[in-house]
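Trainee: Could you walk me through how to read a helix and its neighbours in a model like this?
Mentor: Sure, let's pull it up.

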Amino acid sequence: MTSQNVFMTAAGFVGRELIGGMLYYPIWWYGAGLLAFLKRRGQSLQNFEASVGLTVWIINWTTPMFGQYDIWGKIISFGVRTAVIIFKSAQVVLYCLGQLVMILGWLGLPMIVVWELWYHLSAWL
């Protein structure tokens with residue numbers, strides 16, 4: 001009598017946890033999971049921008065390179081820094097686009113999984 005009661009209690013607990021987890025999963029995926037994912041993507045973008053050093057180049061855009069303060073040193077430094085800033089900006093923009101693709105993938109992945117399950121399991125029904 002007691003072993004059957006323990007078995008039924010355990011089976012009920014496992015069933016509730018399994019069903020509850022399956023029902024809570026989409027809520028977590030598009031709620032707390034999405035917020036955590038967006039936070040990680042934001043941190044990744046900040047880390048990438050810091051490694052590229054775009055803000056440092058923008059801050060020092062008009063500072064002459066190599067301490068040459070004559071007119072040609074300023075003109076050449078401005079031109080070189082402008083080219084570098086354009087290149088580094090393109091890097092950051094491409095990285096942002098990659099992060100956007102990852103976010104869209106996060107949003108679309110559960111729908112793709114459900115669609116594929118439905119498509120493949122409908123052959124058995």
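**Reading helix H2**

Mentor: Keep in mind that this is a predicted model. Let's start with the outward side of one helix: Leu35, Lys39, Gln46, Asn47 and Ala50 are exposed residues on the face of H2 turned away from its buried side.

Trainee: Then which residues of H2 are buried?

Mentor: Gly33, Leu34, Phe37, Arg41, Ser44, Glu49 and Val52. They all sit on the same side of H2, because they cover an arc of only 140 degrees around the axis.

Trainee: How far does H2 reach from its first C-alpha to its last?

Mentor: H2 runs over residues 32-52, so 21 residues, and it spans 30 Å, close to the 30 Å expected at 1.5 Å a residue. Just after H2 comes Gly53, with a positive phi near 80 degrees.

Trainee: Okay, now packing. What do I look at when there are two helices?

Mentor: The general idea is that two packed helices are described by the angle between their axes and the distance between the axes. Here, the axes of H2 and helix H4 (residues 71-121) come within 10 Å and cross at roughly 165 degrees. Angles over 145 degrees count as roughly antiparallel, so that is what H2 is to H4. The crossing itself is right-handed.

Trainee: Which residues meet where H2 and H4 touch?

Mentor: From H2, the residues include Phe37, Leu38, Leu45, Phe48 and Val52. On the H4 side, Val92, Tyr95, Gln99, Met102 and Trp106 are among them.

Trainee: Can we zoom in on one residue? Is Ser44 buried or exposed?

Mentor: Buried: Ser44 has a relative accessible area of 16%, and the cut-off for buried is under 20%. Ser44 belongs to helix H2. Leaving aside residues up to four places away in sequence, Ser44 touches Tyr95 and Gln99.

Trainee: Back to phi for a second. What is the phi of Phe66?

Mentor: Positive, about 60 degrees, although Phe66 is not a glycine. Phe66 is in the loop between helix H3 (54-59) and H4. With 78% relative accessibility, Phe66 counts as exposed.

Trainee: And one outside H2: where does Glu17 lie?

Mentor: Glu17 is in helix H1 (residues 2-30). It's a partly exposed residue, at 49% relative accessible area. Try reading a distance there too: Glu17 and Lys39 are 22 residues apart along the chain, and their C-alpha atoms are separated by 28 Å.

Notes: Residues numbered from 1 in each chain as written. Predicted model: local features only at pLDDT ≥ 70, side-chain atom pairs only at ≥ 80, totals over all residues. Heavy atoms only, no water. Helix = DSSP H or I, 4+ residues; strand = E, 2+ residues; numbered from the N terminus. Expected span 1.5 Å × (residues − 1). Buried < 20%, exposed > 50% of the residue type's maximum accessible area, 1.4 Å probe, protein only. Arc of directions from axis to C-beta. Axes fitted to C-alpha atoms, helices over the stretch in contact; angles between N-to-C directions. Parallel < 35°, antiparallel > 145°, perpendicular 65-115°, else oblique. Left-handed = near helix turned anticlockwise from the far one by under 90°. Contact = heavy atoms within 4.5 Å.
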